[in-house]
Structure formats: C-alpha cells, structure tokens
Amino acid sequence: MPAKIDFAKLTPADALDLGVLMEEEARQRYIDFAEMLEEVHHNRDAAAFCRVMVTNEERHGKELWKQRHERYPEAPARVTAEMLYDVEAPEQEKPSAFMTARGAMLMALDAEKKAEAFFRGAIAG
C-alpha cells in the first residue's frame with residue numbers, strides 16, 4: 001500500500017518529482033505489457049502500441065526531470081516511488097491475449113484519465 005501523500009505540503013519541486021515517478025511507473029508497466037503481449041501471447045499489434053507508450057512516457061518523464069532540475073536544482077527530493085502505485089500506469093490485469101491495438105490504445109487512454117482524476121483530487125484537497 002502506497003504512503004499517503006499530503007498534497008497541501010507539496011512544493012513545486014515535489015510535484016515535478018511526483019510527475020517523474022509517475023511517468024517511470026507507467027513506462028515500466030508498458031515495457032512489461034509489450035514483452036508479455038509479444039512473447040507470451042504473440043500479439044504484435046498490441047505490443048507495438050505499448051512500445052509507443054514506452055517512448056511517450058519516457059519522453060515526458062525526461063521533460064519533467066529537466067524542468068525540475070533547471071528550476072529547483074538545490075531542492076531535496078521528498079517524494080518517493082513507494083508513495084505511488086498505479087497512479088498513471090494501467091492496471092496489471094488490463095492486457096489480454098486477444099487485445100487489439102485499439103484495445104491497447106483504450107487501455108492507455110483509461111490510464112491517462114486515471115492520472116487526471118488523481119491530480120484533480122489532489123487539487124481539490
């Protein structure tokens with residue numbers, strides 16, 4: 001169970017750290033899905049879409065990391081990966097042997113909506 005994040009106490013540097021960690025969690029999940037879909041289920045189309053998402057999540061994580069270190073180079077990191085679980089990453093049970101590329105895209109869209117809901121909840125307090 002992830003530790004509860006006190007959003008009222010997050011600094012801008014913390015928010016960027018949180019974003020970087022979320023992108024990395026999602027990137028790793030898509031790597032796992034692509035490998036499983038291709039190697040276990042021989043589902044190249046859905047695996048290919050998951051690889052596209054790996055690239056997207058990696059790029060976004062790098063952009064956030066760059067912003068964080070340009071704006072707050074001296075700020076300590078106070079947010080850890082242990083504070084997160086499934087915030088942006090698709091749920092472990094989502095991919096299936098018969099998933100289409102469109103199904104993989106819808107899975108990714110659901111994950112992005114989940115992340116948006118997380119942040120809306122954080123803003124609302």
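**Entry 1. Helix 1 against helix 3**

I began with handedness and recorded that helix 1 and helix 3 cross in a right-handed sense. The model I am examining is a predicted one. By class, the contact of helix 1 with helix 3 contains 10 nonpolar residues, no polar residues and no charged residues. I then looked up the geometry: the two helices, residues 12–40 and residues 101–124, pack at an angle of about 160°, with their axes 13 Å apart. Helix 1 and helix 3 are therefore roughly antiparallel to each other, since an angle over 145 degrees is counted that way.

I listed the residues that meet. Helix 1 contributes Leu-18, Met-22, Tyr-30 and Phe-33. On the side of helix 3 I noted Met-107, Ala-108, Ala-111, Ala-115, Phe-118 and Phe-119.

**Entry 2. Overall layout**

I next checked the secondary structure and found 3 helices and 0 strands in the protein. Read from the N terminus, the order of elements is α-α-α. Along the principal axes, the C-alpha atoms fill a box of roughly 45 × 30 × 20 Å. The protein has 125 residues, of which 35% count as buried. I also examined the contacts between residues at least 6 apart in sequence, and 79% of these join residues at least 24 apart.

**Entry 3. Helix 1 against helix 2**

I turned to the pair formed by helix 1 and helix 2. Their axes come within 8 Å and cross at roughly 160°. Helix 1 is therefore roughly antiparallel to helix 2. The crossing of helix 1 with helix 2 is left-handed. I sorted the contact by class and recorded 16 nonpolar, 4 polar and 9 charged residues.

**Entry 4. Helix 2 against helix 3**

For helix 2 and helix 3, I noted a packing angle of about 35° and axes 7 Å apart. Helix 2 passes helix 3 in a right-handed crossing. From helix 2, the contact takes Asp-45, Ala-46, Phe-49, Cys-50, Met-53 and Glu-57. From helix 3, I listed Ala-101, Ala-104, Met-105, Met-107, Ala-108 and Glu-112. By class, this contact of helix 2 with helix 3 has 9 nonpolar residues, no polar residues and 3 charged residues.

**Entry 5. Nonpolar cores**

I asked which members of the largest nonpolar core touch the most other members. Among its 17 residues, these are Tyr-30, Cys-50 and Met-107. Helix 1, helix 2 (44–71) and helix 3 each supply at least two residues of this core. Helix 2 gives the most, with 6 residues. I then noted a second, separate core of 7 residues, which includes Ile-5, Leu-18, Val-87 and Ala-115. Leu-18 and Ala-115 had already appeared in my list for helix 1 and helix 3.

I followed Met-107 further. Setting aside residues up to four places away in sequence, Met-107 touches Tyr-30, Phe-33, Cys-50, Pro-90, Lys-94, Pro-95 and Met-99. Tyr-30 and Cys-50 thus recur here, and both were named with Met-107 in the largest core.

**Entry 6. Individual residues in helix 1**

I looked up Arg-29, which lies in helix 1. Is Arg-29 buried or exposed? Its relative accessible area is 5%, so I entered Arg-29 as buried. Beyond residues up to four places away in sequence, Arg-29 touches Tyr-85, Asp-86, Ala-89, Pro-90, Glu-91 and Gln-92. Pro-90 is also one of the residues touched by Met-107.

Ile-31 likewise has its place in helix 1. Its relative accessible area is 21%, and I recorded Ile-31 as partly exposed. The cut-off matters in this case, because buried means under 20%. I also took a distance: the C-alpha atoms of Ile-31 and Gly-19 are separated by 18 Å, the two residues being 12 apart along the chain.

**Entry 7. Residues in the loops**

In the loop between helix 1 and helix 2 I checked His-42. Although His-42 is not a glycine, it has a positive phi of about 55°. With a relative accessible area of 61%, His-42 is exposed.

In the loop between helix 2 and helix 3 I checked Met-83. Met-83 counts as partly exposed at 21% relative accessibility. The C-alpha atoms of Met-83 and Phe-119 are separated by 14 Å, with the residues 36 apart along the chain. Phe-119 is one of the helix 3 residues that I listed in the contact with helix 1.

Terms used: Residues numbered from 1 in each chain as written. Predicted model: local features only at pLDDT ≥ 70, side-chain atom pairs only at ≥ 80, totals over all residues. Heavy atoms only, no water. Axes fitted to C-alpha atoms, helices over the stretch in contact; angles between N-to-C directions. Helix = DSSP H or I, 4+ residues; strand = E, 2+ residues; numbered from the N terminus. Parallel < 35°, antiparallel > 145°, perpendicular 65-115°, else oblique. Left-handed = near helix turned anticlockwise from the far one by under 90°. Contact = heavy atoms within 4.5 Å. Nonpolar A, V, L, I, M, F, W, Y, C, P; charged D, E, K, R; others polar. Core = buried A, V, L, I, M, F, W, Y, C linked by side-chain atoms within 4.5 Å. Buried < 20%, exposed > 50% of the residue type's maximum accessible area, 1.4 Å probe, protein only.
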